[in-house]
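Colleague: Please take one part of this model and go through its surroundings in detail. After that, carry on to the salt bridges and the aromatic pairs.

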Amino acid sequence: MDPLRVLTQEYGFFTRQEALSAGFAGRDIARNVRTGYWVRFRRGSYSFGDEWGALSPVGRHRVRSNAVMRSLGDAVALSHVSGCVRHELEVWGLPLGRVHVTRLDGGPGRIEGDVVHHEGLALDADVVRLGGHLVLRPERCVLEAGSRANNEVALCLFESGLRHKKYDVDALRRRFVEMQFWPFMRHLQIPVRMADPRAGSIGESRGNWMFWVLGVPAPIPQFEIFHPNGELAGVTDWAWPERRLLGEFDGRIKYGRLLKPGQDPGDVVFEEKVREDLLRELSDCNMIRFIWSDYDDLATSRARLERKLGWAS
């Protein structure tokens, strides 16, 4: 097997020096990059074109982070959005073009190519080691990443960490109290207060933010509905039981997750319709469904909610 493929399988990249050590001359490297067989994604760091092309933006950021940490070592810790990626959190809405690190050696803050160096106090308790690299703790990473984003993005990030049990609500709030006077932090009071571990996806977190923005009465998340014999029939993403309304977020990922081996996507949609009918019958409630584009059309979503809830802001 190509020894460079062994490296990319483990780290996602190889260096120019490793290519030279494997017997490739400088002209070979240039030719492989020119033809697209290799991709030079940062100075001195390469991946195979087919492997790089198959990576998602998050996957590419992870590989880029590996290359940066190979270069900088323990003088820095991955932080901000790069720390969130390393902690395996969903980072919807956050830019991934640059790797973010926090200096542990007293070095100055600066932007250097594809790396943002941050200054900041980092105690030993702030730093963990993941995959051989130093990373700031997840609650600090989400707060610092969220501080440079809008509140909707921040809420999605905070609830991702809660959903994946990287911290709990108390730990997030305690850390915010410690950091609330740091630059860019003050606006996070609202999403920190709203963050709920019951949000099951980014789509549900965006729904929670939309309800708050529209002034909609807060729903009960992950609402359980039971058969008369006490057996659980299903769980809806949201519910306003006093208004006799259930709510669901519909996303492609959700239906892909429900797809069984050999099953047609149309079968999944049909099964979901049967499920919805059952839950509406058992709960004696109506159902409202949201898709991704609804979150960008607040006027229409408000009108739908007002009709279904019998509510006006």
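**A histidine and its surroundings**

Modeller: Apart from neighbours within four places in sequence, the residues in contact with H80 are H100, T102, H118, C141, E144 and A145. The model is a predicted one, and that applies to everything below. H80 belongs to helix α6, which covers residues 80-86. Its relative accessible area is 6%, so H80 is buried, the limit being 20%. The side chain of H80 also has a polar partner: the side chain of S79, at 2.9 Å.

V153 is a second buried position, with 5% relative accessibility. V153 sits in helix α8, residues 151-163. Leaving out residues up to four places away in sequence, V153 touches W92, G93 and L94. V91 is 62 residues from V153 in sequence, yet the two C-alpha atoms are 8.3 Å apart in space.

Next, a buried acid. E248 is in strand β12, which runs over residues 245-249. With a relative accessibility of 1%, E248 falls under the 20% limit and therefore counts as buried. Its side chain has a backbone partner: the nitrogen of D237, reached at 2.8 Å.

Now the salt bridges. There are 26 of them in the structure. One of these joins D126 to R175, with 3.1 Å between the closest N and O atoms. D126 is in the loop between β7 (115-118) and β8 (127-130), while R175 is in helix α9 (residues 169-179), so this bridge ties together parts that are 49 residues apart in sequence. Both D126 and R175 are buried.

R175 has another salt-bridge partner, E178, again at 3.1 Å from N to O. This second bridge is a local one in sequence: R175 and E178 are both in helix α9, three residues apart, which is about one turn of the helix. Its two ends differ in exposure. R175 has a relative accessible area of 11% and is buried. E178 has 55%, and because exposed means over 50%, E178 counts as exposed.

A further salt bridge is formed by R289 and E276, whose closest N and O atoms are 2.7 Å apart. R289 is in strand β13 (residues 286-290) and E276 in helix α13 (residues 265-283); the two are 13 residues apart, and the pair links distant parts of the chain. R289 and E276 are both buried. The two also belong to a network of salt bridges, in which D250, K273, D277 and R280 take part as well.

The aromatic pairs come next. The structure holds 18 of them. One is F14 with W38: the ring centres are 4.9 Å apart and the planes stand at 75°, so the pair is edge-to-face, the limit for that class being over 60 degrees. Since F14 is in strand β1 and W38 in strand β2, the pair ties together parts that are 24 residues apart in sequence. F14 and W38 are both buried. They are members of one aromatic cluster that also includes F24, Y37, Y46 and F48.

The strands that carry F14 and W38 are part of one open sheet, made of three strands in the order β1-β3-β2 with antiparallel pairing. β1 (14-15) and β2 (38-42) are the edge strands, each pairing on one side only. Between β1 and β3 (residues 45-48), the antiparallel pairing is made over two bridges. In that region T15 stands opposite S45 of β3. A helix lies against this sheet: α5, residues 57-72, packs on it and touches β1, β2 and β3. The direction of α5 makes about 60° with that of β2.

To return to the part treated at the start, H80 is buried in helix α6, with S79 as a side-chain polar partner and with contacts that include H100, H118 and E144.

Notes
Residues numbered from 1 in each chain as written. Predicted model: local features only at pLDDT ≥ 70, side-chain atom pairs only at ≥ 80, totals over all residues. Heavy atoms only, no water. Salt bridge = Lys/Arg side-chain N within 4 Å of Asp/Glu carboxyl O. Helix = DSSP H or I, 4+ residues; strand = E, 2+ residues; numbered from the N terminus. Buried < 20%, exposed > 50% of the residue type's maximum accessible area, 1.4 Å probe, protein only. Polar contact = N/O pair within 3.5 Å; in protein donor to acceptor, adjacent residues only side chain to side chain. Pairing = 2+ DSSP bridges. Contact = heavy atoms within 4.5 Å. Axes fitted to C-alpha atoms, helices over the stretch in contact; angles between N-to-C directions. Phe/Tyr/Trp six-rings, centres within 6.5 Å; stacked < 30°, edge-to-face > 60°.
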